[in-house]
Amino acid sequence: MAARKGIESSTWRPRSKLTSELQLHLCGSLFTVDKELLAKKSSKIAKLMQRNPNGDLSNLLRDIPADQESMEIVGRFCHGFSINLTTENIVRVSCVAKYLGMTDNHCPENLLTKALAFFEHHVIPSWNNSVRALKTAENMLDHASELGLIDYCAQSIISKAMEDPRLLGESIGSVPISDDEEEDSNEYKPNARRKLFDIEWKSEDLSSLGLRLYAPIINAMIQQKIPQENVAANICQYAKTWLFSDEEKIDENSQREILEALVQLLPQERDIVTCTFLFHMLRFAKFLDASSDCMNGIEQRIGKQLDQASVKDMLIPSQGYAKDEQYDTECIRRILKNFYMHYTGPDPTGLGLVAELIDEFLIEISADIDLKMPTFVAFADMSVAASDGLSHRTSDGIYRAVDIYLDKHRHLTESEKEEICKVLNCNRLSSEACEHAAQNERLPVRFVVQALFVAQLKLREAFVPRIAAAGGGGSENSNGRRVVVERREEEEEGERMEIERMGSKVKELERECDVMRREIERSGGIGFSGSGFSNNNVVKKNKKSGKMSMWKEMKRKLGCGMSSVDGDYHCLVKKKKKVHPR
């Protein structure tokens with residue numbers, strides 16, 4: 001046989017002068033084969049020559065599973081030359097020999113027998129050779145499966161993984177993290193890390209296989225009860241190779257198919273893979289527009305171990321032009337729902353971690369100018385609910401988020417600001433947060449007064465024990481304690497006067513509003529709303545509702561709408577008698 005492109009180029013082998021030639025077009029090259037020599041080894045060629053002695057056989061061999069290398073090996077074998085069988089060519093040579101009928105029934109010690117013997121003794125015993133041989137079979141799966149080569153390789157790989165699961169990759173807990181990885185812990189790292197069991201040898205990675213071969217093998221490993229940690233590690237490595245790589249190896253449709261298959265293969269138990277990896281899968285699923293079953297499966301797995309996530313994981317960008325908000329808040333809401341549905345641990349640590357996570361997420365999304373107020377309030381309420389029963393937690397995180405949201409959304413009305421601030425509980429704010437709130441001009445007046453009052457109470461509660469401790473000391477420190485007490489009393493008196501001043505201002509504003517209300521009622525027949533005067537017909541029809549709307553609007557504009565009972569607010573602060581140490 002001679003190989004040529006356009007013309008015959010190879011002259012290394014002898015030819016029979018009395019026989020005709022068979023020309024085959026393979027992989028863009030033209031191969032010339034001596035038909036009589038090939039017929040001595042091939043039962044298929046022999047039968048075709050008997051039926052068509054003078055015919056062109058090349059049209060009858062168009063589906064031959066051969067390439068240049070394998071046909072060169074067939075030609076050398078037919079001419080009696082030595083052949084070089086390797087792990088990379090053994091599957092294709094075996095398939096070509098089977099196709100041509102090069103069996104011992106036609107000729108003793110034929111090519112198929114030699115190829116299968118090499119496969120049995122050099123491929124099956126080795127993990128690396130089995131993986132490499134399986135990879136070469138991807139372009140001829142039907143022929144290789146008919147010979148049983150696919151099953152032999154798969155069984156060899158599975159049996160060796162059962163003996164040593166580390167061949168698949170190290171589990172999460174068994175891989176130490178280097179110092180460099182600790183410094184850059186925010187960067188995504190897959191769980192599957194290959195292990196060098198020998199200095200000169202490294203296990204061949206299953207991620208080099210195509211999905212049609214990889215998925216059945218992993219599924220069989222799961223059925224054989226191979227440790228889930230190692231199986232999951234190999235799935236993560238496969239995802240890194242085919243999905244998260246910077247190289248564009250395949251198109252988006254193929255990536256979507258791989259992603260959906262990997263999600264089905266991933267174990268359902270928590271702590272098998274990291275939360276960061278699952279969020280990475282979720283982002284990619286949204287980018288590829290994967291099926292709803294695929295995304296639901298990822299969200300459920302995340303929900304089972306959300307307490308291990310970071311706020312960076314939760315910042316999933318919204319997909320599509322129709323999305324106004326910067327981040328996909330609906331997805332995070334579903335994940336939180338899954339977490340609380342599946343959380344059964346007696347240890348409240350997980351609940352506390354998720355509560356902190358909600359606060360941090362709320363702080364991050366509050367700066368989004370497109371974030372709608374109902375969405376913000378819903379997450380704030382969720383944060384409050386998550387903190388119930390956790391007495392050690394403060395509401396400082398929610399307060400910070402509210403402050404950022406009010407700063408970025410200055411178009412909000414006073415009533416909308418009050419609606420947002422309903423999620424805040426001054427009693428659960430730290431002293432520093434209370435002091436900040438008392439001076440925060442972005443907050444509604446009602447909440448500022450409440451923060452001042454709570455700050456005063458906290459100061460008083462913190463000050464009384466100090467007075468008692470100061471009074472119980474010896475006479476040598478009495479003068480120093482007296483100075484400290486007097487200074488504290490002066491500070492307390494100043495804060496009390498500030499609260500009284502604010503209360504007086506509120507009462508004065510209420511009196512002015514009451515006078516205006518009585519004057520409007522005496523005018524009888526003239527009503528107005530926040531946008532201007534209305535005609536008499538409308539006033540007569542909605543006289544009562546118009547007055548009430550006007551009254552609320554006036555109180556809002558003057559900053560008087562601060563009480564929750566009958567629209568009145570009273571800030572009663574009793575003067576505290578000074579207590580001097582004896």
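This section describes the overall make-up of a predicted model, then its helices H3 to H5, and then three helix pairs.

The protein comprises 25 helices and six strands, and buried residues account for 45% of its 582 residues. Of the contacts in the protein with a separation of 6 or more, 70% are between residues 24 or more positions apart. The average pLDDT of the protein is 77, with 69% of the residues scoring at least 70. Two stretches fall lower: over residues 525-547 the pLDDT is below 50, and this stretch has 15 contacts in the model beyond near neighbours in sequence, while over residues 557-582 the pLDDT stays under 50 and the model has 50 contacts beyond four places in sequence. Where pLDDT is low, the predicted coordinates should not be read in detail.

In helix H3, which spans residues 68-78, the buried residues are Ser-70, Met-71, Ile-73, Val-74, Gly-75, Phe-77 and Cys-78. Just after H3, Gly-80 adopts a positive phi of about 85°. Helix H4, formed by residues 90-100, is mostly covered, with ten of its eleven residues buried; these are Ile-90, Val-91, Arg-92, Val-93, Ser-94, Cys-95, Val-96, Ala-97, Tyr-99 and Leu-100. H4 is likewise followed by a glycine with positive phi, in this case Gly-101, for which the value is near 70°.

Among the residues of helix H4 is Arg-92, which counts as buried because its relative accessibility is 18%, under the 20% cut-off. When neighbours within four places in sequence are left aside, Arg-92 is in contact with Pro-65, Ala-66, Asp-67, Ser-70, Asn-139 and Met-140. Of these partners, Ser-70 is itself listed among the buried residues of H3.

Helix H5 (residues 111-123) contains Thr-113, and Leu-112 is also placed in H5. Leu-112 counts as buried at 9% relative accessibility, whereas Thr-113 is partly exposed, with a relative accessible area of 35%. Outside its neighbours within four places in sequence, Leu-112 is in contact with Ser-94, Ala-97, Lys-98, Met-102, Thr-103 and Leu-147; two of these, Ser-94 and Ala-97, belong to the buried residues of H4. The C-alpha atoms of Leu-112 and Lys-98 are separated by 6.4 Å, although the two residues are 14 residues apart along the chain. For Thr-113 and Ser-94, which are 19 residues apart along the chain, the separation of the C-alpha atoms is 8.7 Å.

Two packed helices are described by the angle between their axes and the distance between the axes. Helix H11 (residues 228-242) packs with helix H12 (residues 252-265) at an angle of about 170°, and their axes lie 11 Å apart. Since angles over 145 degrees count as roughly antiparallel, H11 is roughly antiparallel to H12. On the H11 side the contact involves Ile-235, Tyr-238, Ala-239 and Trp-242, which meet Gln-255, Ile-258, Leu-262 and Leu-265 in H12. By class, the residues of this contact divide into seven nonpolar, one polar and no charged.

Helix H16 takes part in two of the helix pairs described here, with H14 and with H17. For the pair formed by helix H14 (residues 292-304) and helix H16 (residues 329-342), the packing angle is about 55° and the axes are 7 Å apart. H14 and H16 are therefore oblique to each other, and their crossing is right-handed. Their contact is made by Glu-299, Gln-300, Ile-302, Gly-303 and Lys-304 of H14, together with Cys-331, Arg-334, Ile-335, Asn-338, Phe-339 and His-342 of H16. The residues of the contact of H14 with H16 comprise four nonpolar, four polar and three charged.

The axes of H16 and helix H17 (residues 349-365) come within 12 Å and cross at roughly 170°, which makes H16 roughly antiparallel to H17. Here Thr-329, Ile-332, Leu-336, Phe-339 and Tyr-340 in H16 meet Gly-350, Leu-351, Val-354, Ile-358, Phe-361 and Ile-365 in H17. The contact of H16 with H17 has nine nonpolar, two polar and no charged residues. Phe-339 of H16 takes part in the contact with H14 and also in the contact with H17.

Technical notes
Residues numbered from 1 in each chain as written. Predicted model: local features only at pLDDT ≥ 70, side-chain atom pairs only at ≥ 80, totals over all residues. Heavy atoms only, no water. Axes fitted to C-alpha atoms, helices over the stretch in contact; angles between N-to-C directions. Helix = DSSP H or I, 4+ residues; strand = E, 2+ residues; numbered from the N terminus. Parallel < 35°, antiparallel > 145°, perpendicular 65-115°, else oblique. Contact = heavy atoms within 4.5 Å. Nonpolar A, V, L, I, M, F, W, Y, C, P; charged D, E, K, R; others polar. Left-handed = near helix turned anticlockwise from the far one by under 90°. pLDDT = per-residue confidence, 0-100. Buried < 20%, exposed > 50% of the residue type's maximum accessible area, 1.4 Å probe, protein only.
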